[in-house]
Amino acid sequence: MKSTIPEDGVPLTKTPGPGGAERAENSLHGEILSRLRDYVVEGSIPEGGRVPERQLCEMFGISRTPLREALKVLAAEGLIELLPNRGARVRQLSRRDLEELFEVMGGLESLAGRLACESITDEEIADIERLHYEMYGYYLHRDMHNYFLVNQRIHEKIVAASRNETLRATYANFAGRIRRVRYSANFARKRQRWAEAMREHEAILDALRRRAGSELSDILFHHLRNKRTAAVEHLAEAENGTAMASVDGASSPAVNT
């Protein structure tokens, strides 16, 4: 398999700041984790693919120890699976897995929206509104990477506004498992799905401004249902593409060179 690691990787360097070496170490860990998470979420390694530790170390300019610490966090988030004495691989979800996870996420976000409308402050709404327009700018520029990051922050802030720590912890656990799928789902219907998602976010913001709990609850649930449909479509397209590639490979005559 051809490596997906870019040749012009940007090393990570430790630069002790005012807080000293310990703060620099924490900052380095956070940067490694953030970049590795983005790398996995954005599909740089195929579903079920092995994590190329040596190549990632070269790309980030780090040793195996900090990389493996970051991999443990991603495993806890559900993005990858650690294999005993065999490294790690990207977690592969079946259609049934996707349907079940999105059903649970839809229920959690629906409840969060209802509770948030009971306790959210004007300042929190203003913050979410600011993020919404920032996300819209990324949408207009077709910047999927930053659009997705801000999108996730909006959903997380609504959950945080529910003032329910049990809900927040449960949501964080499940969100990690489908973060990669939510990202890829944006490609399933190309422009049509992306525009549809933006319209749904307009409705989410409007209901939040009015503190319309029941309405926001329904919007968020259907928003996740639409994400689920897009994710399942994307999975089917990927599976069909793999199947077609296998058929083509099997049917192509061998060529002696």
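**Close-up 1. Helix H4 passes helix H7 in a left-handed crossing.** The model shown is predicted. H7 covers residues 165-185, and its axis lies 10 Å from that of H4. The two helices pack at an angle of about 135°. That angle makes H4 oblique to H7. On the H4 side, the contact is made by Leu98, Leu101, Phe102, Val104, Met105, Leu108, Glu109, Leu111, Ala112 and Leu115. H7 contributes Leu167, Thr170, Tyr171, Phe174, Ala175, Arg177, Ile178, Val181 and Arg182. By class, the residues of this contact divide into 15 nonpolar, 1 polar and 3 charged.

**Close-up 2. Helix H4 also meets helix H6, again with a left-handed crossing.** H4 spans residues 95-119 and H6 spans residues 144-160. Their axes come within 8 Å and cross at roughly 60°. H4 is therefore oblique to H6, since angles of 65 to 115 degrees would count as roughly perpendicular and those under 35 as roughly parallel. Glu109, Ala112, Gly113 and Ala116 stand on the H4 side. Their partners in H6 are His155, Ile158 and Val159. The contact of H4 with H6 holds 4 nonpolar, 2 polar and 1 charged residues. Glu109 and Ala112 of H4 take part in the contact with H6 and in the contact with H7.

**Close-up 3. The largest nonpolar core has 49 residues.** Leu36, Leu56, Leu67, Tyr147, Ile158 and Leu208 touch the most other members. Helix H8, residues 190-209, supplies the largest share of this core, with 8 residues. Ile158 of the core is also one of the H6 residues that meet H4. Another core lies apart from this one and has 20 residues. Its members include Ala175, Val181, Ala185 and Ala230. Ala175 and Val181 appear in the H7 side of the contact with H4 as well. In soluble globular proteins, nonpolar side chains tend to be buried together.

**Close-up 4. Aspartate 218 sits in helix H9.** This helix runs over residues 213-251. Is aspartate 218 buried, partly exposed or exposed? The residue has a relative accessible area of 47%, so it is partly exposed: under 20% would be buried and over 50% exposed. Aspartate 218 and serine 110 are 108 residues apart in sequence. In space, their C-alpha atoms are 6.5 Å apart.

Note on methods:
Residues are numbered from 1 along each chain as its sequence is written. This is a predicted model: local features need pLDDT of at least 70, side-chain atom pairs count only at pLDDT 80 or more; totals for chains, interfaces and linings use all residues. Side-chain values use heavy atoms; hydrogens and water are left out. Axes are lines fitted to C-alpha atoms, for helices over the stretch in contact, and angles run from 0 to 180 degrees between N-to-C directions. Helices (H or I, at least four residues) and strands (E, at least two) are DSSP runs, numbered from the N terminus. Angles under 35 degrees count as roughly parallel, over 145 as roughly antiparallel, 65 to 115 as roughly perpendicular and the rest as oblique. A crossing is left-handed if the near helix is turned anticlockwise from the far one by less than a right angle, and right-handed if clockwise. Contact means heavy atoms within 4.5 Å. Ala, Val, Leu, Ile, Met, Phe, Trp, Tyr, Cys and Pro count as nonpolar, Asp, Glu, Lys and Arg as charged, and the others, Gly among them, as polar. A nonpolar core is a set of buried Ala, Val, Leu, Ile, Met, Phe, Trp, Tyr and Cys residues joined through side-chain atoms within 4.5 Å. Buried means under 20% relative accessible area, exposed over 50%, partly exposed in between (1.4 Å probe, protein chains only).
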